[in-house]
Structure formats: C-alpha cells, structure tokens
Protein chains: 2
Amino acid sequence: MILSKACEYGVRAMLYLASAPRDTYVASRAVSEDLGLPYSFFAKVVQTLAHSGLLSSQRGPSGGVALAKDPSEVTLAEVVTAIDGETLFTECVLGLPGCGQEKPCPLHAQWTFTRTHISAFFQTATIASLMEDGDYRLGSLFSAPEE
Amino acid sequence: MILSKACEYGVRAMLYLASAPRDTYVASRAVSEDLGLPYSFFAKVVQTLAHSGLLSSQRGPSGGVALAKDPSEVTLAEVVTAIDGETLFTECVLGLPGCGQEKPCPLHAQWTFTRTHISAFFQTATIASLMEDGDYRLGSLFSAPEE
DNA sequence: ATTATTTAGGACAAACAAGTCCTATTTGTA
DNA sequence: TACAAATAGGACTTGTTTGTCCTAAATAAT
C-alpha cells in the first residue's frame with residue numbers, strides 16, 4: 001500500500017473540499033458521511049491537516065473545515081508529507097538505512113530513477129489540477145461504487 | 001512504505017543467495033545473521049518464497065535454502081508478488097474499490113501512468129540484472145552501514 | 001446567559017504487521 | 001540406531017495502524 005489509510009482519507013478530503021464553495025466551512029461530520037469514512041478517525045486526519053496549515057477549521061455552529069489555500073497552491077506531495085511523512089520520497093526501497101550514493105544497495109540506481117517519477121507525480125499534481133477534468137469525478141471519491 | 005518488512009527481507013535474501021555458489025544449500029540462520037535480520041521472522045519469509053517456488057529448501061545437516069531457478073529468470077515483481085501480493089501493481093492509489101476506467105478517481109489517469117513506471121521497474125529487474133553492477137554491492141545488503 | 005453545534009484532544013479497543021518461542025519432522029553422519 | 005542439524009509450522013507476544021468513545025473548549029444563535 002503506497003499511502004496509509006489516514007493519508008488516503010486526507011487526500012480525498014482535500015479534493016472534496018476543493019469542490020465546496022470557497023470560504024465556507026463544511027462540518028467534518030458531513031464530509032466523512034459523504035465520503036463514507038468513519039467520522040472519529042477521519043476527524044483526526046482533519047486535525048493533522050489543520051495543524052500543518054493545509055486546512056483551516058472553525059468551531060461552533062456553522063463551523064467546520066475549509067481549504068486554507070487556493071487548491072492550485074496545494075500539491076499532493078504536501079498532503080502526503082503532512083500525514084505520512086517524507087519516507088515515500090526519500091527512503092531506500094529495501095529499507096536499508098545506509099543506502100545512498102556512497103553505499104548503494106543493488107536496487108539504488110534504478111529505484112532512484114523510478115522514485116523520481118513517483119515524486120514528480122505527487123509534486124506536479126495540485127488539488128486544483130486533479131479536479132480540472134470535470135466534476136463527474138466528484139462522485140468517484142466515494143468508497144463504494146454506485147450504480 | 002512501498003514494500004512490507006517481510007518483502008524487503010525476501011528481496012534481500014534472493015539477492016544474497018544469488019551470490020552464493022549454485023546448487024549449494026545455505027542455512028537460513030546463516031543468511032539471517034549475515035543480513036542482520038531476526039531469524040524466526042526471516043524463516044517465515046523464506047518459507048513463503050519456498051512455497052511459491054522461488055526458493056528450494058532442504059532439511060537436515062548440510063541442508064538450507066537455495067534459489068530454485070537461475071537468477072536471470074526471476075524478476076523482482078515475482079518476489080514482491082509472492083510476499084506482498086499484487087496490490088502494489090493494481091490498486092487505486094486512494095484505495096477506492098470502484099476506481100477504474102468506468103469510474104476513475106481524480107488521480108486515476110495520472111497514477112496509472114506513474115504505476116506503469118513502477119511496474120516496469122519491478123518487471124524488468126531480475127535478480128541477476130541487479131547483481132550485475134559489481135559485487136561491491138553485496139555488502140550493501142546489510143542493514144547497518146559499516147565503516 | 002443559555003443552549004446547541006462544532007472542533008480539540010485524550011484514552012481506549014480492535015485489527016494487522018512484525019517479531020518470538022517452542023515443538024515437530026526430515027535427513028545426513030557417526 | 002542414535003544423534004545433531006536443519007526446515008516446517010503452530011501458538012504466542014509486541015508494536016503500530018486503524019477505528020471508537022467520551023469529555024472539554026469554542027462559538028453562533030436564541
């Protein structure tokens with residue numbers, strides 16, 4: 001699994017909120033229900049994203065969460081890093097702590113090349129760019145396939 | 001983490017055994033010690049690889065494990081699939097079960113492209129091709145960087 | 001002021017991955 | 001035959017991730 005569950009949920013939340021009207025707070029309970037996610041767990045993910053400055057939150061009635069920046073200013077890499085850390089983009093594929101230029105594991109050179117593709121994907125894609133290809137994609141954020 | 005610990009250990013074992021003389025069994029305890037891995041856990045990984053036909057094993061004195069095929073005939077993808085299954089090469093990056101051509105998630109098209117690179121890396125690399133660039137790499141299979 | 005609504009966050013429970021331990025079973029050698 | 005060396009595999013422990021529950025704090029509206 002490339003991303004943790006928490007991270008999958010976080011990315012989906014960011015995409016969902018990008019389709020909500022700007023500068024309006026959406027209750028995270030409503031988001032979790034729309035996305036079919038367990039609220040209590042999802043709420044922690046939202047907290048993490050708020051702490052790292054990707055979401056802003058507001059308590060009380062008519063409060064909720066909202067994107068803290070313009071969706072064109074937020075890359076997937078930022079979301080992933082906020083939740084899963086940087087290991088996906090930095091770590092040896094065999095988990096060898098000493099692996100690097102000086103002491104490469106047998107996969108190092110080729111994996112570095114592949115990892116560049118992975119990094120490029122996450123760095124290049126922004127929340128806005130991912131939503132661009134039509135909002136027919138919005139429904140595809142739900143976990144269960146609908147008929 | 002791209003690969004599970006079990007899978008990391010399995011790949012390292014395959015590479016290690018590729019550098020051992022052909023048709024000689026090596027005790028898996030010795031392998032685990034050389035690689036700095038916990039034996040009891042490592043032994044299960046070896047079992048899995050033996051069950052899937054990538055290693056052959058022999059009990060008793062002067063027994064052990066050995067590559068079951070020529071290292072040039074074994075791709076990284078086979079090793080990974082034997083231990084972690086195919087999800088790395090097939091699953092939606094957001095974990096959405098309904099994601100596919102008919103109902104793509106916002107990341108689907110771009111991720112499919114990136115995943116092709118990942119698959120190509122694992123499909124193209126064989127145990128033999130990875131060992132080709134010099135046996136100075138053998139030492140780099142150890143977990144602790146040595147001075 | 002009181003109340004209802006919402007996030008904040010700690011403490012807990014369940015599920016899974018990682019690692020350990022112990023006892024077969026096989027098999028080469030004395 | 002007896003013994004030692006090695007894999008086979010079940011049962012268990014530990015640690016991390018995932019998920020749940022409950023209470024506190026903030027805040028808008030009455």
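This text walks through a predicted model, from the pairing of its chains to the DNA surface and one helix.

Begin with the symmetry. Two copies of a chain are related by a rotation about an axis and a shift along it. Here, a turn of 180° lays chain A on chain B with an RMSD of 0.0 Å. The shift along the axis is 0.0 Å. That is the relation of a two-fold axis. Within chain A, the C-alpha of A:I2 is nearest the axis, at 2.7 Å. Both copies use the same surface: 100% of the contact residues of chain A recur in chain B.

Now look at the contact between the chains. It joins 35 residues of chain A to 35 residues of chain B. On the side of chain A, the elements giving two or more residues are α1 (5-18), α6 (108-124) and α7 (127-131). Of these, α6(A) gives the most, with six residues. By class, this side of chain A has 23 nonpolar, eight polar and four charged residues.

Turn next to the DNA. Strand C is surrounded by 23 residues. The closest come from both chains: A:S28 and A:S57, with B:P38, B:S40 and B:G60. Chain A gives two or more residues to this surface from each of α2 (28-35), α3 (39-51) and β2 (64-67). Chain B does so from α1 (5-18) and α3 (39-51). The largest share, three residues, comes from α3(A). By class, the surface near DNA strand C has nine nonpolar, 10 polar and four charged residues.

That leads to α3(A) itself. Does its length fit a straight count, and which way do its residues face? At 1.5 Å a residue, its 13 residues should span 18 Å. The end C-alpha atoms of α3(A) are 18 Å apart, which agrees.

The buried residues of α3(A) are A:F42, A:V45, A:V46 and A:L49. Seen down the helix axis, they fall within an arc of 100°, so they line one face of α3(A). An α-helix has 3.6 residues a turn, so residues three or four places apart point the same way. The buried residues of α3(A) pack against α1, α2, β1 (55-58), β2 and α4 (76-84) of chain A. On the other side of α3(A), A:S40, A:F41, A:K44 and A:H51 are exposed. Just after the helix, A:G53 takes a positive phi of about 85°.

Notes. Residues numbered from 1 in each chain as written. Chains lettered and ligands numbered in written order. Predicted model: local features only at pLDDT ≥ 70, side-chain atom pairs only at ≥ 80, totals over all residues. Least-squares fit on C-alpha atoms with pLDDT ≥ 70 in both. Contact = placed C-beta atoms within 7 Å. Helix = DSSP H or I, 4+ residues; strand = E, 2+ residues; numbered from the N terminus. Nonpolar A, V, L, I, M, F, W, Y, C, P; charged D, E, K, R; others polar. Near = placed C-beta within 6 Å. Expected span 1.5 Å × (residues − 1). Buried ≥ 20, exposed ≤ 12 C-beta atoms within 10 Å, placed from the backbone. Arc of directions from axis to C-beta.
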